[in-house]
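Biologist: Before we discuss anything, could you put the model on the screen, and then take me through how to read helix packing and a chain contact?

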Amino acid sequence: MKRKALITILLIAALAAASAQIQFSEVMPKDARSMGMGGAFRVFSQGYSSFFGNPAGFAGATSSFTIADVSAWAYLAPTSENLGRVRQIIDGSATDTQIINWVGDWMVSNNGLGAGASVGGGWVGKKGIAVGVTLVTDEVASGDSLLGSKLVSATQANGIIGFAYPIDIGPVWIKIGADGRVFYRVQSDPTTGWPFGTLLNDYMANNSIPTLDFLGGYGFAADAGLVAGIGPVMLGFTARNFGLAFNVGSFTSDDVQNQGLGALPFSGTTAAALTPTYTAGLGLRLFENTKFEPSVYAEVDDPIALFSSSDILADLLTSLHAGAQIRLLNFINIRGGLNKGWYSVGAGLDLSFLEIDAAIFTEELGAYPGDKGRSGLSVQAAIRLGR
Amino acid sequence: MRRRYGAYAALLAIFILLFSGCDALIGNVFKEANWGQPSAEKLKSADTAALLEESGVSSGSVSSTFIDTVLSDDDTKTTVMAKLEATATDPDSTPEEVQQSQTLLISIKLADYGADDIVTNITESAGSVIEQLSNQMDEGGNVDFAAIIDVLLPDTNNLADIINNLGTMTSDYDNLAANISTNGSTLDPDVVASAAQTALLAEIVSDATPNTSNYDTVGEAMAALVEDIKNSEDPSSIDMNQYIQTSPDMSALTAEGTTLYTLFNEAGMGDVLAQLSGIGS
């Protein structure tokens, strides 16, 4: 009976998604742990990370209680020249002309300039039950020049309940999990965004920002996944953002200023849906819980499309995230990876209840590896009891 | 405990290394090894639908790797352009196919003529140049034209040919604008914004006429002007009439129903066009 109900829900969700008018991508955190490993570690996520990755990761040997997990990232290539410019802006020695010039240069040469943040907390129990709340925001300006540039803003708050179950069949272990989310989404028009050049000029000239138009609405989504392994070798798959179509309504920044959160629409008339994503991966985790714990992960976006590809190798490389981590002395993490061919590095400290991580990354936005890279840096701090 | 302090120090060193500049880290190992890249042979045999998909035009930006690959082989370039041209002019093609084919053709031509670097540089620097100009004028000082030229055109090799070729592309932009005007845009606004800005340059070049007693083409006149500004001790003394006989009529070029009007408004840059229409009028 339960299986029938689940299948019915999934079918309705798929139909609803197919008929939706506006497609929203999930607002994913560019957290330092994942980005330091080339964007991998979604399929093999564990504990709190599974709220954004694979719900199968809720099934762990230990429980964890995340009081706060905060990430911040910036889409700015961390070159020595750019860091010098940032220093000049911070110490006030840069002129308005220089700042506008640099902003244009950063936006064009980096294929996007922006920043984002995520904050959340949650409990992942020993028996695979997980409850969490997260808030993720991502703001990116892009364009060929400041003149025609646009700023796309997306923010999503989620309340998540998940469950995962471990099964052992001889030498093979399997973890299977799913979660359900209720979310509220606020964002600019996903296609046209806001005119970034105009916003920047207004801000520099008048210290003010004109009225901004937003879309907002709430919805429900489900994620599912599994990880199977023999000893340290793992294979996994996760499907995210299966959701019922939801309605979004319009409001403006002035409305929020005047009415506060009461301005957020709950009964919009424009249909929207989250775009489902699929990821498959292969991983190797050695000497777990020892003083030298290396792990390697390789994950592929949209693996189903590879079956219809005319050039599987090329398409595999175009969607490949590969990363490795070495965990030393149970508290030092050193990471590296290739995000569709772009280098990434990161490092972190896991103290008794405080975790600090940082990473430098580049992600591919174009059609081919090396086509249109967007670099950035990410920092993360978490207060967590358990691992 | 001492070992922990040693580990902290090592980690701190890694962090400092990470955040003190990572120029060498920004590279793509797959591209360097030519893995996962398009091949000229494959593109030559691809149909238009595959070309449009592989180029990225349908997802909001034309892949520079795709364009470089098309131009890397003369046969591929000829074949690909012929297929796109056929789709763009086929009455049975959908507006989406026509607009994407026209956009891709424009991108290939711009790169083939060597104009893409100039266009990119001008569009990237235009904002800062306007800012510089207005600051210099507000301060009542002389405008440093040579510095502005250096920013806009750091490489002036083959400039005359590039400008002349850019001027020949107005019909491509006219076709794109006509289809958008009739059917509405099916392109991503980013793609239209990019086309609008390059169309502006093409229309300006096409509408200007050279001083024929000194130069045969606008390209030659503009290239000579650029060189003379760079080499002159007093660029403000240069007489523009020696180079350009008639300047572009911006109010006519930007009037309602024109190519620029359609593209700029479709890209959400109608305000910018209104400002441009006042220049030179």
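**Reading a helix pair and an interface**

Modeller: Keep in mind that this is a predicted model. I would begin with a crossing in chain B, where helices α6(B) and α7(B) cross in the left-handed sense.

Biologist: Beyond handedness, how is such a pair described, and at what angle do α6 and α7 of chain B pack?

Modeller: In general, two packed helices are described by the angle between their axes together with the distance between those axes. Here helix α6 (residues 74-89) of chain B packs against helix α7 (residues 95-112) of chain B at an angle of about 145°, and their axes are 8 Å apart.

Biologist: Which residues of α6(B) and α7(B) meet?

Modeller: From α6(B) come B:Met81, B:Leu84, B:Glu85, B:Thr87 and B:Ala88, and they meet B:Glu97, B:Val98, B:Ser101, B:Gln102, B:Leu104, B:Leu105 and B:Ile108 of α7(B). Sorted by class, this contact has seven nonpolar, three polar and two charged residues.

Biologist: What surrounds that pair in chain B as a whole, in terms of helices and strands?

Modeller: Chain B has 16 helices and two strands, and 38% of its 281 residues count as buried. Among the contacts in chain B with a separation of 6 or more, 72% come from residues 24 or more positions apart.

Biologist: How many residues does each chain bring to the contact between chain A and chain B?

Modeller: Chain A brings 45 residues and chain B brings 46 residues. On the side of chain A that touches chain B, α4(A) gives the most, with six residues, and by class that side has 23 nonpolar, 18 polar and four charged residues.

Terms used
Residues are numbered from 1 along each chain as its sequence is written. Chains are lettered from A and ligands numbered from 1 in the order in which they are written. This is a predicted model: local features need pLDDT of at least 70, side-chain atom pairs count only at pLDDT 80 or more; totals for chains, interfaces and linings use all residues. Helices (H or I, at least four residues) and strands (E, at least two) are DSSP runs, numbered from the N terminus. A residue is buried if 20 or more other C-beta atoms lie within 10 Å of its own, exposed if 12 or fewer, and partly exposed in between; C-beta atoms are placed from the backbone. Two residues are in contact if their C-beta atoms, placed from the backbone, lie within 7 Å. Axes are lines fitted to C-alpha atoms, for helices over the stretch in contact, and angles run from 0 to 180 degrees between N-to-C directions. A crossing is left-handed if the near helix is turned anticlockwise from the far one by less than a right angle, and right-handed if clockwise. Ala, Val, Leu, Ile, Met, Phe, Trp, Tyr, Cys and Pro count as nonpolar, Asp, Glu, Lys and Arg as charged, and the others, Gly among them, as polar.
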